[in-house]
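Trainee: Please take me through one part of this predicted model at close range. Then set that part in its wider surroundings.

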Amino acid sequence: MKRRTFLTRSSSLLAAPILLNGMRLSAWAAPTEWLASLAGASDRVLVIIQMEGGNDGLNMVIPAEDDQYYKLRPTLGIAKSVALPLAGQPLLRLHPKMGGVRSLFDDGRLAIVENIGYDGMNLSHFTGTEIWNTASGNRQDQFLQTGWIGRYLQHEYPDFPAVLPADPPAIEISLATSTVFTVQGASIGMSLTDPQQFYGLVNGGAIVRDDLAPDNRSGREWNFVDSINNQSQVYSEVVRAAAQKGSNRVSYPDDNLLAQSLGIIARLVAGGLGTRIYKVTLGGFDTHSTQAPQHEKLLTTLSDAIKLFQDDLIALGVDQRVVGMTYSEFGRRAGENGSGTDHGTSAPHFVFGSSIDGGRVFGGIPNLGALDANGNLPAAVDFRCYYSSIFAPLFNLDAKAMATVLPIHPCDLPDYLPLFRIPQSGADSPAAAATGVSVTVQPNPVSGDARITLRSPRRGTATIMLTSAGGERVRRLYSGEMEMGSMMLRCDLSGVPAGSYIVTAEIAGGMATTKVTVVR
Amino acid sequence: MDRYQFFLRRNPDMPEKEPERSVAAVTPSLARYSGPWNRRTIAHLLRRAVVAPTYAEMQTASTKSMDELIDMLLTPNAASSAPHGWCGDCVSNPNVPWYDQRFDLIDAFNIELRRWWYQQMVNTNLSLQERMTIFWHNHFATNAFVLYDPRLIYFQNQILRQRALGSFRDLVRAVTTDKAMLMFLDGKYSKNNGYVNENYARELQELFTIGISDNNGTPNYTQADIREVARTLTGWDWLGYGPSGGDAASNLLTGHDPTTKKVYDGTIAGNTDGSPELEQLLDIIFNREETARYVIRKLYRFLVHTDVTLTPIYPIAPEIEENIIAPLAAEFRAANWNISVVLRRLLTCEHFYEDDIIASTLKSPTDLLVSTVRGMRTAPMAGNAGDYVFEIMQNRAVTLGQKLFFPPGVQGWKHYRNWISTSTLPQRHLYTDQLVNGVPVTLTLRSAALFPDAVQYASGTAIIDTLAFAKQFPSFSDPEALVADIAEHMLAYAPSRKLLDRLLYELVADRAYEWKDAPDEAKTIRLRAMLRYLMRSTNYQLM
């Protein structure tokens with residue numbers, strides 16, 4: 001059964017952006033437990049796809065019902081008739097060339113997070129990219145010198161680079177590693193373009209090692225080169241072994257370099273390499289002029305590559321532990337400049353994987369009626385919340401840990417987006433079994449009174465929250481003390497619009513969730 | 001164990017460590033350097049100026065004072081000859097872009113242009129011109145793939161090299177209305193009435209002149225300024241390529257916005273002719289202290305020390321800003337933006353010769369490619385032998401991450417430490433191995449149709465004559481002294497005893513006594529092994 005048939009999607013009209021309307025979700029520390037419950041997923045992998053140059057989100061995920069969009073884009077606007085509809089999303093369509101992404105969305109394996117950005121977005125490619133890579137603030141005194149992934153990995157491998165982990169912690173399929181992976185004095189990511197060639201190069205001549213240099217200006221550069229030299233020597237064998245052991249189950253076309261790079265990643269993951277983070281880049285999104293053909297080509301490349309990669313992961317049987325995400329330094333101006341678009345602000349991005357609760361749109365729809373004085377879109381989802389919502393559940397990091405990964409404006413737990421698939425029944429959830437908390441709703445579907453049963457092995461303060469499938473808080477159903485054992489509540493849901501909802505119950509450090517469908 | 005236990009156990013608050021940056025032992029000073037003038041300081045100056053001196057150049061330079069050397073370095077080369085096979089008439093209509101008539105020639109000529117530029121860099125006199133041309137190419141980055149007409153790239157390169165040591169304001173003026181930039185950053189599309197394109201207006205300020213903010217992070221301009229600058233620059237286009245594919249002046253054709261503009265705190269009087277508006281705009285931009293400081297910071301990071309671990313969004317160290325950047329920026333303005341004046345000052349100041357400034361720069365791919373050939377060549381590289389070497393350089397530049405004329409974006413290459421990765425470092429080693437061993441090459445796409453005087457797909461070996469190189473040293477017959485002399489010549493960072501011992505072992509194993517009488521063939525084999533090892537050292541990546 002396709003997972004999306006399980007739910008009837010809520011109307012995106014309901015999905016007002018979380019941060020705009022000021023509503024807060026209840027503690028979403030929960031996703032960490034949901035994901036921890038996924039069977040066999042002890043080594044999860046994040047694949048980051050950078051869209052370099054500032055992707056035009058409005059022509060990728062198209063607000064096709066908004067007349068304002070076509071007014072702002074008299075020549076570049078993509079007609080509703082050719083844009084691809086998305087199941088359960090009457091207001092948004094996809095670029096016509098993104099059939100691959102659409103199929104993943106409809107199949108429930110890809111979610112769209114809309115309106116991602118930050119306050120006072122920097123419209124410089126250079127500074128903007130560094131802000132995203134390092135998760136810096138937008139003021140100079142908030143600039144960080146290490147990458148956000150680098151900070152995570154440095155603390156997981158505190159002795160790096162003096163002591164190298166058995167497998168490379170992060171790999172960028174590129175000639176160079178980006179600042180995402182920078183740690184003090186080194187890069188904790190390694191780069192390669194071809195595992196076999198890499199091995200041959202490293203082992204094709206003398207292995208030269210020298211002593212460490214003193215900690216002064218020239219010595220620090222020396223030590224940096226030395227750390228790279230050491231990594232390439234240590235990792236050439238393990239990477240080759242994984243590449244030889246792994247394989248691909250789909251064919252990646254030669255003319256899609258992004259797909260080729262993702263294919264290498266699929267191979268390495270399948271081959272058992274213990275690398276946590278991979279990164280690839282697709283460049284060319286700075287479409288100031290003659291945008292239409294360029295952007296079409298880029299989105300074709302992106303969509304085809306993501307689809308092939310996901311298909312391969314499924315065929316290889318590793319799809320449950322791999323999550324992909326996209327990012328770009330900014331979106332583009334809502335209004336066109338004749339044949340292209342200038343630098344803009346917030347934009348949508350994709351999160352995909354079999355553990356992702358796909359087929360949903362988070363962050364609302366672009367609000368073209370609320371452009372700022374420069375004609376740019378307001379942000380609804382802070383990019384650090386976007387990062388946190390993926391990263392924390394995936395790597396089982398709590399809020400405190402996330403605050404150290406993202407020290408500037410860390411995302412508050414209530415602002416996390418519930419991107420990951422939630423176990424369908426609280427009672428069945430391994431996470432719930434672990435804490436002993438469970439919640440059930442009867443009847444389901446429900447139109448009026450619902451009976452909610454909460455069980456807990458400990459006494460404490462219980463909170464039961466009803467949220468939309470898009471993650472917005474709808475109603476607090478209960479808040480109060482509860483004794484050990486079980487408790488039944490009767491709640492009148494007759495005022496709640498039809499749609500899919502999540503009931504989240506928390507008590508004494510445990511939590512459980514269940515889905516409920518409201519019908520009218 | 002839960003992974004995040006690490007966080008909890010180590011340092012829950014995980015403060016960002018102090019920026020990795022030296023605390024200067026001495027206050028950086030622009031005062032004239034008066035310390036020892038010896039082979040180490042001379043080689044340091046020459047490395048920063050021409051990447052690597054040849055043996056002969058080092059001999060010449062050793063007899064010169066600091067001022068005499070700087071005079072040489074600030075003298076441009078004689079005008080270079082055109083690229084091999086260059087023609088404006090080999091297409092039927094020089095006024096029509098190549099991509100509309102000789103699509104097949106574009107790749108061929110882009111490659112030919114790269115070989116040509118390496119030739120200039122390898123064979124340059126002791127002049128800063130070539131390295132500064134690279135600096136300006138990165139500063140005013142345009143991409144040949146986007147332009148799709150090699151003539152545009154060549155013309156822009158001429159602008160950069162002819163003005164590399166001249167007036168920075170003239171350079172900005174020339175680049176602004178040059179065809180390559182008008183096309184690359186969409187100036188030719190920017191017109192009045194709903195077609196204002198902000199691309200060039202933004203980068204002119206952010207990347208080419210004033211910079212996005214001062215060293216304290218205060219923005220230098222607003223989005224409104226970008227809009228006003230864009231309106232000021234509306235209407236520029238070009239009239240074609242001129243006779244024989246030559247340069248035709250860019251001009252204001254249609255679509256200039258004639259209304260008044262306000263940029264920063266200045267006003268540009270509206271005019272139906274955009275030319276005087278451009279001059280007023282440059283007056284306003286060049287009246288700002290920050291314009292001088294931005295460019296001086298970039299020059300400092302290129303020629304002296306990057307002072308950053310990542311990228312230039314990070315401010316420069318306060319003591320450098322205060323003692324080097326600010327006073328030099330003032331001199332830059334006072335000297336009417338004469339680049340040579342500030343180069344002379346920077347390369348003769350105390351700070352430039354501080355002990356750990358020497359060897360504190362990572363070689364860019366271009367530096368690595370050029371330094372290897374320059375460092376070992378015994379004469380200018382010419383003829384087929386030269387072409388094969390330039391071919392391997394242009395070929396390997398791609399895998400090293402710096403394909404000339406193809407920077408990844410308008411911000412130039414992601415340089416500094418990004419140059420060196422687990423991908424590119426082994427590729428660097430492969431390149432240096434290949435040049436001393438010899439590697440077969442084919443002159444890529446040098447087609448007979450394009451180059452009637454050349455052999456189509458000429459093939460040969462790219463190689464450096466390591467024996468001739470070594471024989472230049474008076475210590476040639478003494479292996480231990482020879483190794484020390486070659487290491488001193490090739491390496492910016494003083495080699496360790498351990499490295500020197502290993503190099504001697506590579507040259508003669510434990511049979512130093514056999515060296516003197518060994519036949520040249522045997523010496524060549526041993527020299528190659530020694531040089532391969534030397535150039536695989538960490539040391540060789542520094543300059």
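Mentor: Start at a pairing between two strands: Glu172(A) stands opposite Lys279(A) in β10(A). The strand that holds β10(A) as a partner here is β6(A), and the two pair in the parallel sense over 3 bridges. β10 of chain A covers residues 277-283.

Now take the other partner. β6(A) is joined to β9(A) by 4 bridges, and these two strands also run parallel. Within that pairing, Ile171(A) has Met190(A) of β9(A) as its bridge partner.

Look next at the directions of the side chains. In a regular strand, side chains alternate between the two faces of the sheet. In β6(A), Ala170(A) and Glu172(A) point one way. Ile171(A) and Ile173(A) point the other way. All four are buried.

Step back one residue. Pro169(A) lies in the loop between α5 and β6 (170-173) of chain A. Is Pro169(A) buried or exposed? Pro169(A) is buried, because 23 other C-beta atoms lie within 10 Å, and the cut-off for buried is 20 or more. Beyond its neighbours within four places in sequence, Pro169(A) contacts Leu153(A), Tyr157(A), Ile188(A), Thr275(A) and Arg276(A). For a longer distance, take Tyr387(A): its C-alpha atom is separated from that of Pro169(A) by 18 Å, with the two positions 218 residues apart along the chain.

Next, the interface. The contact takes 69 residues from chain A and 70 residues from chain B. On the side of chain A that touches chain B, the elements giving two or more residues are α4 (125-134), α5 (148-156), β9 (189-192), α6 (195-202), α7 (217-245) and α11 (399-405). So β9(A), the parallel partner of β6(A), is also on that list. α7(A) gives the most, with 14 residues. By type, that side of chain A divides into 22 nonpolar, 33 polar and 14 charged residues.

Then the nonpolar cores. The largest has 272 residues, and those with the most contacts inside it are Val351(A) and Ile296(B). Leaving out residues up to four places away in sequence, Val351(A) touches Ala111(A), Val113(A), Val323(A), Met325(A), Ile356(A), Ile390(A) and Leu419(A). A second, separate core has 23 residues, including Met482(A), Val503(A), Ala505(A) and Val518(A).

Chain A also has an antiparallel sheet. This open sheet has 4 strands in the order β18-β17-β20-β21. β18 (473-482) and β21 (510-518) stand at the edges, each with a single partner strand, so one side of each has no neighbour in the sheet. The twist averages 15 degrees from one strand to the next. Inside the sheet, 8 bridges join β17 (residues 460-468) to β18(A). One bridge partner of note: Met465(A) is matched with Arg476(A) in β18(A).

Finish with chain B. Chain B has 23 helices and 6 strands. Of its 543 residues, 53% count as buried. Among its contacts with a separation of 6 or more, 72% are between residues 24 or more positions apart. One of its helices is α8 (residues 150-162), which has 13 residues. α8(B) reaches 18 Å from its first C-alpha to its last, close to the 18 Å expected at 1.5 Å a residue. α8(B) is mostly covered, with 11 of its 13 residues buried. Among the buried ones are Arg151(B), Gln156(B), Asn157(B) and Arg161(B), along with Leu152(B), Ile153(B) and Phe155(B).

Terms used
Residues numbered from 1 in each chain as written. Chains lettered and ligands numbered in written order. Predicted model: local features only at pLDDT ≥ 70, side-chain atom pairs only at ≥ 80, totals over all residues. Buried ≥ 20, exposed ≤ 12 C-beta atoms within 10 Å, placed from the backbone. Contact = placed C-beta atoms within 7 Å. Nonpolar A, V, L, I, M, F, W, Y, C, P; charged D, E, K, R; others polar. Core = buried A, V, L, I, M, F, W, Y, C linked by C-beta atoms within 7 Å. Expected span 1.5 Å × (residues − 1). Pairing = 2+ DSSP bridges. Axes fitted to C-alpha atoms, helices over the stretch in contact; angles between N-to-C directions.
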